[in-house]
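Trainee: I'm new to this one. Could you take me through a single part of it closely, and then show me how that part fits in with its neighbours?

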Protein chains: 2
Amino acid sequence: MAKQRITIEDVAREAGVSRQTVTRAMNGMAEISPTTRQRVLAAAEALGYRPSRFASNLASRRKSHAIGLVIASFRNPYYTELAAEVLDVATARGWQVVVCSREQGTDQELISTLAGQVDAILGYFVAADQASLAAAARGVPVVMFERTAAVPGLHSVDLDFEHGIETLLTELRARGASRFGLIESDAATDPNPYQPTQRRRAYEKLAGPGSLGSVVVAEESMRGGADGFQRLWNTSPGLDAVLVFNDLMAMGAVHGAHTLGVSIPDDVRVVGIDGLSLGSVTTPALSTLSIDRSAVANTAADIVDTLLEASDAGPRESIVRTVTPQPLWRESA
Amino acid sequence: MAKQRITIEDVAREAGVSRQTVTRAMNGMAEISPTTRQRVLAAAEALGYRPSRFASNLASRRKSHAIGLVIASFRNPYYTELAAEVLDVATARGWQVVVCSREQGTDQELISTLAGQVDAILGYFVAADQASLAAAARGVPVVMFERTAAVPGLHSVDLDFEHGIETLLTELRARGASRFGLIESDAATDPNPYQPTQRRRAYEKLAGPGSLGSVVVAEESMRGGADGFQRLWNTSPGLDAVLVFNDLMAMGAVHGAHTLGVSIPDDVRVVGIDGLSLGSVTTPALSTLSIDRSAVANTAADIVDTLLEASDAGPRESIVRTVTPQPLWRESA
DNA sequence: GACCTTTCCGTGAGCGTTCACGGGAGCGCT
DNA sequence: AGCGCTCCCGTGAACGCTCACGGAAAGGTC
């Protein structure tokens, strides 16, 4: 005697009415007397009836355009502000958004469960094996951020750090900096212990072998940034600029410098990446390589639009778009 | 000739196979030859077939416990950090979370669409009419934050600002403050133009009519906080402490004071509400009435647990729990 | 060639709800 | 009585998919 689900039929029997009457009572529809409605609701309550949203949506053939969004973390404002932008454009187009965090599971798990709920998936995915991501999506299109899609079914909005960092370094040199240090994130793909990030590779390539003095790896948080700055400062004398993986860490670095008695930008310049508005409240305000979150969100939405509309096109390959970050100079550099 | 949905049957016909074979191809199951799989996938692609997640979930009778979370904004770290906590406890209990923002629609709209997707709804809802919220939920239990549930079907995790602010003011007075100003949020329920927030009412009640010198209303953002501070400072001389609606605004106020040349805490003390870790990077670091987001999230999860488990209990009334905020003293006060 | 095994594929029967009907009371009016 | 109307309520028939079968074809073994 398995523990069956309580269905609408059970409630109908309990209340001595038909299915349809239960539906009417539950959904507050017309064509039902107040007395019966009460009786049905009481029966439902007594049995602990909970309608199946799947059956309900199937039968009522609702068209709920929904997309899933997977961000790396809810504790870094960059991602949540990006989520806000995605929400804005999605709402404008009449979509519903389901937001998840990568902390909730592996890329494959997230994509797999999301695939059963939404029509398209956007997100930060780090798994090296793109084919397995596409497989987990079971036909639902996936748009990845800060990465280049390489297999069918996957698409991407990548960031052109090469160009962004090139202009950043040029302008930074024009301001007198020449010996750079880097605070790098310890974020790593699940299987790999550690591999250099796209940002670090761009920095190393463009700063040149000689000028990027030293690199420390730190936790991706304010505390990590402060900690990283301290390590960098103590081990590498002569630095005149510190490049930081992202703004959250850079804010920590600025704060850490303050407690160390290091003056910014006089002793050393600090630059983050992201363009958080929160970066303006540190003392001094944070300079940064700003990523246009609105552009990223809109580009992703356009891709999804293309994917959802074109239901008759032939086999479609990956769509890849690129957004170029721009330096945003404030006081710290 | 209506534009019908493309079903699995259409794909089967197109590929010259049966429904089941299409299922096998789409879901990467076994018992199918690579050749047919390719053919089916090609047919699906050609027709633009998109499986119905509702039908799929119904037929496979998956048990996907999902809860919805509605936060006020993705641009205020308090809410996103709370979301992070909710995600943590939910993931630990095997639930999926759907996060939405109140900026996406009215309370009723959000609850209504969410009700078709999840088993329970948590969120910040401001609509005055609780009965209409319960109606929109169509039987799906709702847990509200920072508010007291008063109708069946609604539950709540409220904050005890009375006690929290009482100890805050006591300790603030012990530090020498006596003439308070308040920067209040302009957030208002949709229909009402403006009504004092719970926080303001608590402040006014406990500070006493004489000591809460003046109140300014500002936008709920850093800019708003800076702006509010300036207005307050220019119009109300003699203040020795400024209480701010939340930490985001308070960070703006601290920054605004800095640009105004006002020294904190020497000229005036500043206190926020929320307990953001980001508050520690301002100069000086922000003092605040800290809300234990983890406790709030866990309490809400417990309520949901009770609601989802007890499927046999009698008619259940509102569950109301309370969390009390605690002062967190840093440099600004 | 008889038999078994493996591989591949198709058929009926639901999953739990809502929709489009149809129909029986009850009432008022001619 | 007869007619029409409103107010309730119930009965098939989907909705689009997956599950549990059953069975044909292909290959292997004695």
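**Around the DNA, and on to one helix**

Mentor: Sure, and keep in mind that this is a predicted model. Let's start at DNA strand C: there are 26 residues around it, and the ones that come nearest are Ile8(A), Thr23(A), Ala59(A), Thr21(B) and Thr36(B). Both chains take part through elements that give two or more residues each, namely α2 (19-26) and α4 (53-59) of chain A along with α2 (19-26) and α4 (53-59) of chain B. The most comes from α4(A), which gives four residues. Sort the residues of this surface by class and you get twelve polar, nine nonpolar and five charged.

Now for the close look, at helix α5 of chain A. α5(A) runs over residues 77-92, so to speak a stretch of 16 residues, and spans 22 Å from first C-alpha to last, close to the 22 Å expected. Most of α5(A) is covered, with twelve of the 16 residues buried. Among them are Tyr78(A), Tyr79(A), Leu82(A), Val86(A) and Leu87(A), but Glu81(A) and Glu85(A) are on the buried list too. After the helix comes Gly94(A), with a positive phi near 80°.

What does chain B have to do with this? In all, 50 residues of chain A are in contact with 51 residues of chain B. On chain A's side, α3 (34-47), α4, α5, β2 (96-101) and α11 (247-260) each supply at least two residues. Our helix, α5(A), gives the most there, with seven residues. That side of chain A has 22 polar, 20 nonpolar and eight charged residues.

Key. Residues numbered from 1 in each chain as written. Chains lettered and ligands numbered in written order. Predicted model: local features only at pLDDT ≥ 70, side-chain atom pairs only at ≥ 80, totals over all residues. Near = placed C-beta within 6 Å. Nonpolar A, V, L, I, M, F, W, Y, C, P; charged D, E, K, R; others polar. Expected span 1.5 Å × (residues − 1). Buried ≥ 20, exposed ≤ 12 C-beta atoms within 10 Å, placed from the backbone. Contact = placed C-beta atoms within 7 Å.
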